[in-house]
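I opened this one to look up a handful of local features. My entries follow in the order I made them.

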Amino acid sequence: MTRANTLDLVREARAGRYAVPAVNIADELSMRAVVAAAERAQSPVILQTSVKTVKFMGVEALGRMARLAADRASVPVALHLDHCPDRSVITDCIAHGWDSVLFDASDRPLDVARKETAEVVAEAHAAGVTVESEIENIIGVEDGVGSDEAIHSYTVEQLVEVARETGADMIAPQLGTAHGLYKATPELRVDRVRDIAALSDVPVVLHGGTGLSAEDFHAFIDAGVGKINISTSLKLAYMKTAKAHLDECERTGKWEPVKLFEQVFAAVEQDIYEHIELFRSAGTVQEVAA
Ligand SMILES: [Zn+2]
């Protein structure tokens, strides 16, 4: 299977009333575990990288690693750059084979966000790369990007108009969700997805999915969400499994790295498999092929 086009995956999902899982990977181990989960579930998958991960692993190594994982996979795999306010990182990722980028202009005033998003779209589209646009900030800090306060909020009409004018392929509006773990029950805004769908067929992306119920996910998907991001859940599965294993090493006095990798891999794979089922994306690859 060759690399997939992010926009094609999301459009097919929207038409089929499921959402493509978009999972933030932290390293090569979690990247392989996510692809394995997608293969077991027979689902397409989007591998997401934060700016922090790109900088830590290096854009060339990470791009090559993802290409190798995608080429070996039996399901469509796309590579996406998550929340990126830095245009030079976007240019680097486009040059190194990313299939899509999230240009996060939510820290800029509307007129600047509008102008710069149009510029990023032109640059990305020239290379066949899909653009997710964020002009309202999603609450919560993720890998050093973002804010706990709503800095910019607009009407649904404004969001649709900016997407139209800039040519953005997908939009990430405020939907009442937040990055990280919820301290209180979130007030979900499925109505905003419905209102956007009534005005435009631009796919909507849901951020801050960790901790939502199956009913919440299904309501968002039915309203028009085609891509759901998962980050915190993977981090928890990864780190808690590692901690439990290291505690066990301490207890037994046996220290074997490969055992740690196997356990982390299994925990991440299972966590993402369960999310794929929640997003109704399981089995969709087989259906397309049949
Ligand atoms: Zn996000």
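**Strands around β10**

I started with strand pairing; β9 and β10 run parallel, with three bridges between them. I keep in mind that this is a predicted model. For Leu206, I looked up the bridge partner in β10 and found Ile228.

Next I checked β1, residues 20–24. This strand also pairs with β10 in the parallel sense, over four bridges. Here I noted Val23, whose bridge partner in β10 is Ile230.

Is β10 enclosed or not? I went through residues 225–230 and found six of the six buried, so the strand is largely enclosed by the rest of the structure.

**Zinc site**

Which protein atoms are the donors of the zinc ion? I listed NE2 of His83, NE2 of His179 and ND1 of His207. They lie 2.0 to 2.1 Å from the ion. Along the chain I read their spacing as H-x95-H-x27-H.

I then placed two of these donors. His179 sits in the loop between β8 (170–171) and α8 (190–199), and His207 in the loop between β9 (204–206) and α9 (214–223), so the pair ties together parts 28 residues apart in sequence.

I looked up burial for both. His179 has 11% relative accessibility and counts as buried. His207 has 2% and counts as buried too. Both values fall under the 20% cut-off.

**Rings**

How many aromatic pairs does the structure hold? I found one. The rings are those of Phe217 and Phe279, with centres 4.9 Å apart and planes at 70 degrees, so I logged the pair as edge-to-face. The cut-off for that label is over 60 degrees.

I also traced where the two rings sit. Phe217 is in helix α9, while Phe279 is in the loop between α11 (257–278) and α12 (284–289). The pair links distant parts of the chain, 62 residues apart. I have both Phe217 and Phe279 down as buried.

I noted one charge over a ring. The charged end of Arg40 sits over the ring of Tyr273, 3.7 Å from its centre.

**Helix α1**

I moved to α1, residues 6–16. Its buried residues include Thr6, Leu7, Leu9, Val10 and Ala13. They cover an arc of only 160 degrees around the axis, which puts them on the same side of α1. I recalled the helix rule: with 3.6 residues a turn, residues three or four places apart point the same way.

I checked both ends. At the start of α1, a side-chain oxygen of Asn5 reaches to within 2.9 Å of the backbone nitrogen of Leu7. Just after α1, I read a positive phi of about 55 degrees at Arg17.

**Ser50**

Where does Ser50 sit? I placed it in the loop between β2 (45–49) and α3 (51–57). Is Ser50 buried or exposed? Its relative accessible area is 7%, so I entered Ser50 as buried. Its side chain and that of Thr53 are joined by a polar contact of 3.0 Å.

**Glu250**

My last entry is Glu250, in helix α10 (residues 232–252). At 60% relative accessibility, Glu250 counts as exposed. I also took its C-alpha distance to Val145. The two residues are 35 Å apart in space and 105 residues apart in sequence.

Key: Residues numbered from 1 in each chain as written. Predicted model: local features only at pLDDT ≥ 70, side-chain atom pairs only at ≥ 80, totals over all residues. Heavy atoms only, no water. Donors = N, O, S within 2.8 Å, 3.2 Å for Na, K, Ca; no water. Helix = DSSP H or I, 4+ residues; strand = E, 2+ residues; numbered from the N terminus. Buried < 20%, exposed > 50% of the residue type's maximum accessible area, 1.4 Å probe, protein only. Phe/Tyr/Trp six-rings, centres within 6.5 Å; stacked < 30°, edge-to-face > 60°. Lys NZ or Arg CZ within 6 Å of the ring centre and 35° of its normal. Arc of directions from axis to C-beta. Polar contact = N/O pair within 3.5 Å; in protein donor to acceptor, adjacent residues only side chain to side chain. Pairing = 2+ DSSP bridges.
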